[in-house]
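Hi,

Here is the structure I promised to pass on. Have a look at it first, and my notes on what turned up are underneath.

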Amino acid sequence: MKNATELLPWGWTITPKDDSLIICPSASRILGTFALVNVVVTALSVVFGNRYTLYRLTGRRFFKDKNSKLHRIMWILTVALQLGANALIGWIFQKTPGYNANFKIWELMLFFTVRPRLSWISLMLLSQYEVHNPDVVYSPMVTYARDASTEGLELEPRSKDRNATSPDPSLMQRHEKDRPWASAAKSQAFAEIFLQIIALYIMGKTAHFATTRQYYLVGTAANKSLPTAAKIMYAGALYYLSLGVPLLLAEILFVILYYAGEFDDDIMSRKTSERSIKSTAYSAFIFYNLVYTWLGSWLFWAGFVRLAGDLYCPPKLYVQGSIWGAFSLIGIILGVGGG
């Protein structure tokens, strides 16, 4: 059976200088850190990804514009924060006394883009819910029936002219409907798409490494010589690529059309059929990412940490998790937008 050094597609390692002084974290602890970061950031995203919450926390001065388009650019900062967190963690690994860390920081920065992230999926789910804004009450002035349809108001004829209508008096004062998680969800989704594109480099490198050595050919001597952990890691990379790449191509097309105005929220909300199409697209986006890219990332990491063993001995796991959690939360808050 081959040793781990021969089975890893990269030459870098993170190892203790003296095995007798440093106990490496177990695979379950490393994966548990990922899971804990996922749970904590997801829970916090429900609160801090909500524009109403930030609106009140800032003394009702900021985050009041429900039509803000800041998410169109704020996702870039979210990507920068994620890459920055990865680079900072790599720098900490290199500077921690007692460790051999023979990687370049950019290598680990890209490697950690494969880390599974869940908070954006919860925000996408929450973004579908319309709620009544408790802080905004308005008296709409409606002149034409088509305007009332856009506002969702019931009209009653004011004269024989069907186009001369006025809103039902009982509906003149009403709370405005809003999707307070929508902006953060879009910002996080755009950032996630970009991070998944970067992750293709690591997944592609892993799959190419396994393919050239015939590790994917079941029943061959090369495949039989592999430990179970190596098979899981290679399978995770192949799963991510074979199912994730077509999904990413569709997502990139969607983003292009979104920026071109084809999926503008105001346009998509005017007709029931269009709302249904939008809801179906969102549901498919969430489901396929959860089943393919997110699950593929977990398979890759589950195989990698068990295969690498003490060759991947990251120090300061709690610091590592805290950095990911803090930087992720900042990205969510920035993505809420609304001046």
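A quick word on labels: helices (H or I, at least four residues) are DSSP runs, numbered from the N terminus. This is a predicted model, where local features need pLDDT of at least 70, side-chain atom pairs count only at pLDDT 80 or more, and totals for chains, interfaces and linings use all residues. Residues are numbered from 1 along each chain as its sequence is written, and side-chain values use heavy atoms, with hydrogens and water left out.

Cavities first. Rolling a probe the size of a water molecule over the atoms shows where empty space is left. A cavity here is a set of points, on a 1 Å grid over the protein atoms alone, where a 1.4 Å probe fits but cannot get out, and lining residues have an atom within 4 Å of a point. Points are joined across faces, edges and corners, and the volume is the space filled by probe spheres set on them.

Two cavities of 30 Å³ or more turn up. The largest holds about 140 Å³. Its lining counts 15 residues, with Gln-82, Arg-117, Ser-119, Gln-188 and Ser-328 nearest the centre. Helices H2 (27–48), H4 (71–95), H6 (119–126) and H8 (182–212) each put at least two residues into that lining, and H8 gives the most, four. By class it has six nonpolar, six polar and three charged residues (Ala, Val, Leu, Ile, Met, Phe, Trp, Tyr, Cys and Pro count as nonpolar, Asp, Glu, Lys and Arg as charged, the others, Gly among them, as polar).

The second largest cavity has a volume of about 80 Å³. Of its 14 lining residues, Arg-117, Glu-192, Gln-196, Thr-293 and Ser-297 lie nearest the centre. H8 and helix H12 (272–308) are the elements giving two or more residues to this lining, and the largest share, four, comes from H12.

Now the outside. Leu-249 is in helix H10, and it counts as exposed because its relative accessibility is 56% (exposed is over 50%, buried under 20%, partly exposed in between, with a 1.4 Å probe and protein chains only).

One last spot: Asp-310 sits in the loop between H12 and helix H13 (317–336). With a relative accessible area of 49%, Asp-310 is partly exposed. Asp-310 and Thr-15 are 295 residues apart in sequence, yet 6.3 Å apart in space, C-alpha to C-alpha.

Cheers

Definitions and conventions: 1 Å grid on protein atoms, 1.4 Å probe; cavity = no way out; pocket = protein on both sides within 12 Å on 5 of 7 lines; lining within 4 Å.
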